[in-house]
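Take a moment with the sequence and the structure before reading on. The report starts at the ligand and works outward.

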Amino acid sequence: MASDMATILVSVSPIPPGIMPAVSVDRESAKPLHRQIYESYRNAIVERRLGARQRLPSTRSLAAELQISRIPILNAFEQLRAEGYLEGRIGSGTYVARSLPDELLKPVRRNASRGPVGKPSRRVIARRVEALLPEAAGPWFKPGPFHIGQPPLDHFPVRIWSRLVARHARSPEVHELHYGQTMGLASLRKAVAEYLKTARAVVCEPEQVMMVSGSQQALELASHVLLDPGWPVWFEEPGYFGARHALKLAGARLVPVPVDDEGLNVSAGIALCPRPRAIFVTPSHQFPLGATMSATRRLQLLDWARQSESWIIEDDYDSEYRFGNLPFSSLQGLDRDSRVIYVGTLSKTLFPALRLAYIVLPADLVDAFIRARRAMDLCSPTFPQLVLSDFIREGHFGRHVRKMRLLCRERRTALVRALREELDWLNVLGDQAGMYLAVGLPGGIQDREICERAAEEGLRVAPLSECYLETPRQGLLLGYGGTNVEEIAKGVRCLREVIESIGYARPSRGGSRTIPRSAKKRPRSPH
Ligand SMILES: Cc1ncc(COP(=O)(O)O)c(C=O)c1O
């Protein structure tokens with residue numbers, strides 16, 4: 001037989017129509033032949049395609065039909081007999097057993113756990129997780145032009161990094177193969193503490209720095225350590241969905257507090273919920289509207305946290321990228337009452353797949369965080385930490401961040417220019433910082449609709465409305481960090497065409513916001 005795949009219909013006697021189960025063997029498969037034959041018959045019996053007392057073909061004829069030796073067939077039959085599926089003796093005919101355990105013969109229903117992956121389960125799961133389900137990721141979370149969380153990965157110094165990886169992978173010390181320290185690798189924590197003191201005016205010692213697997217883990221850990229279910233948390237409105245998920249998973253009650261050009265509106269927060277247990281903020285570059293929190297608000301926030309005895313979680317996620325003016329120092333650096341839990345990530349400066357971030361903890365919280373972390377994943381993997389420690393110590397990190405800052409500035413300028421040329425009626429929001437920008441949409445325009453259509457063209461523009469807990473404002477989030485200047489120009493052109501194809505256009509003075517449906521045309525893909 002030419003094919004490597006042999007399939008025969010097993011003849012059983014009597015042979016009612018429709019019950020001739022197929023036995024297939026694939027010689028190319030890694031699965032041994034006897035196992036393939038065993039599984040074919042076992043399934044046919046359990047699924048009742050072969051009935052009790054039905055006779056199986058002789059091993060000799062089966063071997064001839066499948067063009068294989070008898071040995072795997074004899075082995076498969078032997079195993080089926082040992083497990084009670086078959087009876088009779090080889091040579092005098094082999095039959096499906098008269099009585100099979102009831103459990104085996106229950107009607108085979110497709111179990112929910114065996115259906116397609118990705119659909120929400122209808123079975124009982126924790127309410128906190130159920131509450132996350134409607135927020136499942138949209139198509140804009142896939143990598144591609146305008147993805148909001150993508151740094152300039154095309155400029156990552158891969159050769160230097162792989163040299164350092166090889167250094168540690170070639171001859172690891174025995175202790176490096178053991179469990180790591182819960183707080184993280186000592187040399188890395190020292191390097192991170194030095195960097196944060198210099199670059200972000202964070203007040204810390206290496207003993208307060210905990211390495212974690214991404215700031216997402218930092219937020220989850222902080223939520224578990226600081227909050228019991230139902231406790232109120234001030235949450236920026238609009239705010240970072242990653243933090244929202246972590247807090248909700250811990251059962252926190254989120255209190256949306258509005259943000260404006262000066263960042264979180266502390267007075268509004270006090271009016272809404274005077275005694276929060278924690279406050280989540282992105283003071284350096286408010287996610288997603290892009291404001292820098294003013295000095296007055298910072299002091300007001302710290303003062304209120306002290307008075308209300310609440311914790312502040314400061315997410316300093318992309319503060320390395322500031323283009324207009326000098327960066328504000330961290331909020332943590334101003335804190336005189338040790339209320340700030342400072343979180344920073346290497347996802348923006350290096351690459352997100354690294355999954356390394358750091359938390360700077362008030363000294364008296366270190367023990368609690370260690371206890372919670374031990375219940376989670378014990379510690380972050382040691383090898384990426386060893387590599388990162390060398391990367392920082394040898395000066396590559398500082399050089400890389402400077403290069404990234406220039407690239408991001410160039411890309412931001414290109415994006416603002418392209419938006420001005422193609423979509424000048426969109427309003428660019430926020431300060432000159434970060435790796436993405438937000439644009440506001442005029443009333444009546446649905447951001448999700450634009451983002452879904454843009455995703456069909458491969459663009460990963462994200463809807464601003466997704467960042468709101470309550471009354472959403474419509475807008476678009478456009479990442480430029482991981483999108484080069486040419487892609488930006490092409491992408492914005494395509495975005496304009498997408499917007500026009502839906503029927504949206506520059507609002508006319510008379511107030512009409514849409515162009516007639518007949519004028520719609522499909523956009524040209526940027527690719
Ligand atoms: C506000 C904010 N914080 C943190 C992060 C980084 O998360 P992680 O360190 O888990 O990759 C992001 C990424 O997009 C972000 O937007």
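## The ligand and its surroundings

A polar side-chain atom of Lys 348 lies 2.6 Å from an oxygen atom of the ligand. This is a predicted model. Two further polar contacts can be set beside that of Lys 348.

| Residue | Part of the residue | Distance to a ligand oxygen atom |
|---|---|---|
| Lys 348 | polar side-chain atom | 2.6 Å |
| Thr 345 | N or O atom in the side chain | 2.6 Å |
| Gln 216 | polar backbone atom | 3.0 Å |

Other residues surround the ligand as well. They include Gly 214, Ser 215, Tyr 240 and Phe 287. Asp 315, Tyr 317, Ser 347 and Arg 355 are also among them.

## The sheet

Thr 345 leads from the ligand to a strand. Thr 345 is one of the buried residues of β12, which spans residues 340-345. How many of the six residues of β12 are buried? Six are, and the strand is mostly covered.

In a regular strand the side chains alternate between the two faces of the sheet. Here both faces of β12 are covered. On one side Val 340, Tyr 342 and Gly 344 are buried. On the other side Ile 341, Val 343 and Thr 345 are buried.

β12 has a partner on each side in the sheet order. Strand β11, residues 311-315, pairs with β12 in the parallel sense over four bridges. Within this pairing, Ile 312 stands opposite Val 340, and Ile 313 stands opposite Ile 341. Strand β13, residues 357-360, pairs with β12 in the antiparallel sense, also over four bridges. There Thr 345 faces Ala 357.

The whole sheet is open and has eight strands. Their order is β6-β13-β12-β11-β10-β7-β8-β9, with mixed pairing. Which strands lie at the edges? They are β6 (209-212) and β9 (263-264), and each pairs on one side only.

## The nonpolar cores

The largest nonpolar core holds 66 residues. Leu 301 and Leu 495 touch the most other members. Several elements give two or more residues to this core. Among the strands are β8 (253-260), β10 (278-281), β15 (436-440) and β17 (475-479). The helices are α11 (295-308), α14 (396-422), α15 (447-456) and α16 (485-502). The largest share, eight residues, comes from α14.

Why does this core lie between two domains? Domain 2 (139-148 + 403-519) and domain 3 (184-398) both contribute residues to it, so the core sits between them.

Leu 495 shows the packing in detail. Leaving out residues up to four places away in sequence, Leu 495 touches Leu 423, Ile 450, Ala 454 and Leu 459. Val 461, Leu 476 and Leu 478 are touched by Leu 495 too.

Another core lies apart from the largest one. This core has 30 residues, including Met 183, Val 343, Ala 357 and Val 366.

## A distant pair along the chain

Ala 462 lies in strand β16, residues 462-463. Is Ala 462 buried or exposed? Ala 462 has a relative accessible area of 6%, so it is buried: the cut-off is under 20%.

Beyond its neighbours within four places in sequence, Ala 462 is in contact with Trp 140, Cys 451, Gly 475, Leu 476 and Leu 477. Ala 462 and Phe 141 are 321 residues apart along the chain, yet their C-alpha atoms are separated by 7.9 Å.

Definitions and conventions
Residues are numbered from 1 along each chain as its sequence is written. This is a predicted model: local features need pLDDT of at least 70, side-chain atom pairs count only at pLDDT 80 or more; totals for chains, interfaces and linings use all residues. Side-chain values use heavy atoms; hydrogens and water are left out. A nonpolar core is a set of buried Ala, Val, Leu, Ile, Met, Phe, Trp, Tyr and Cys residues joined through side-chain atoms within 4.5 Å. Buried means under 20% relative accessible area, exposed over 50%, partly exposed in between (1.4 Å probe, protein chains only). Domain bounds come from an automatic or database domain assignment. Contact means heavy atoms within 4.5 Å. Two strands pair if DSSP finds at least two bridges between them. A residue is near a molecule or strand if one of its heavy atoms lies within 4 Å of it. A polar contact is a pair of N or O atoms within 3.5 Å; within protein, one must be able to donate a hydrogen and the other to accept it, and residues adjacent in sequence count only if both atoms are side-chain atoms.
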